[in-house]
Amino acid sequence: MQSLTLEGYLAADPSILSAQGSGKKRASFRVMETTRFRRADGTPGERTTGFNCVCFNEATAEKYIEPFARKGSRVVIQGHVENDTWTGKDGVEHYDLRLIVADIRLKNRRDRTSSEEAGPAPSVQEPAGGYDLNDDIPF
């Protein structure tokens, strides 16, 4: 089994899907990771790779990924790589690698509902006692 640790950003909001038979929920999302390098001639280069990820842990999908993960969130994921094969409508067989998530950490965790409901930033109150912090100090 191949283990992988990946740090990157979510390409879109994760989709929470239910299995047809059991109704168990899973999270599916794509993580983008960019590698910067220097070519032989000294010019900088950049390569971005996308990873399809699936989290089958129902509790993690519902209580951690769904409320907190959103497009642009920075994540660190540990899991193993699995080969995915399917036949398209045109009869062509397709292959893909996907990361089966064992552990996920969100670097900028904020509740989706609280950040959307939050109004303007609270205003700063002037200190009591009549002092103005913007006045020049006379000495």
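**Surface, core and helix H1 in a predicted model**

Modeller: The protein chain exposes about 10400 Å², of which carbon and sulfur atoms supply 48%, and I should say at once that this is a predicted model.

Biologist: What is the mean pLDDT of the chain, then?

Modeller: The mean pLDDT of the protein chain is 82, and 78% of its residues reach 70 or more. Over residues 117–135, however, pLDDT stays under 50, and for that stretch the model has 2 contacts beyond four places in sequence.

Biologist: OK, and what pattern does the chain follow along the sequence?

Modeller: Its 2 helices and 6 strands come in the order β-β-β-β-α-β-β-α. Among contacts between residues at least 6 apart in sequence, 58% join residues at least 24 apart.

Biologist: Which residues of the largest nonpolar core touch the most other members?

Modeller: That core has 18 residues, and the ones touching the most other members are Phe29, Val31, Ile65, Ile77 and Ile104. At least two core residues come from each of strands S1 (3–10), S3 (25–38), S4 (44–55), S5 (74–87) and S6 (93–106), and helix H1 (58–68) likewise supplies at least two.

Biologist: Take Ile77: what is it in contact with, leaving aside neighbours within four places?

Modeller: With that exclusion, the partners of Ile77 are Leu4, Thr5, Leu6, Phe29, Val31, Cys53, Leu99, Val101, Asp103 and Ile104.

Biologist: Switching to H1, which of its residues are buried?

Modeller: In H1 the buried residues are Ala61, Tyr64, Ile65 and Phe68. They lie on the same side of H1, because they cover an arc of only 130° around the axis. An α-helix has 3.6 residues a turn, so residues three or four places apart point the same way.

Biologist: And what covers them?

Modeller: The cover over the buried residues of H1 includes strand S2 (15–18), together with S3, S4 and S6.

Biologist: Which residue caps the N-terminal end of H1?

Modeller: Asn57 does, with a side-chain oxygen 3.1 Å from the backbone nitrogen of Ala59.

Biologist: Back to S2, where Ile16 sits: why does Ile16 count as partly exposed?

Modeller: Its relative accessibility is 23%, so Ile16 counts as partly exposed, given that buried means under 20% and exposed over 50%.

Biologist: Which residues is Ile16 in contact with, again leaving aside neighbours within four places?

Modeller: On that basis Ile16 is in contact with Lys25, Arg26 and Ala27, and also with Ala61, Ile65 and Glu66. As for Glu58, 42 residues from Ile16 along the chain, the two C-alpha atoms are separated by 9.6 Å.

How values were computed:
Residues are numbered from 1 along each chain as its sequence is written. This is a predicted model: local features need pLDDT of at least 70, side-chain atom pairs count only at pLDDT 80 or more; totals for chains, interfaces and linings use all residues. Side-chain values use heavy atoms; hydrogens and water are left out. A nonpolar core is a set of buried Ala, Val, Leu, Ile, Met, Phe, Trp, Tyr and Cys residues joined through side-chain atoms within 4.5 Å. Buried means under 20% relative accessible area, exposed over 50%, partly exposed in between (1.4 Å probe, protein chains only). Helices (H or I, at least four residues) and strands (E, at least two) are DSSP runs, numbered from the N terminus. Contact means heavy atoms within 4.5 Å. The arc is that of the directions from the helix axis to the C-beta atoms. A polar contact is a pair of N or O atoms within 3.5 Å; within protein, one must be able to donate a hydrogen and the other to accept it, and residues adjacent in sequence count only if both atoms are side-chain atoms. pLDDT is the predictor's confidence in each residue, from 0 to 100. Accessible areas come from the Shrake-Rupley method with a 1.4 Å probe; for residues, only the protein chains shown count as cover.
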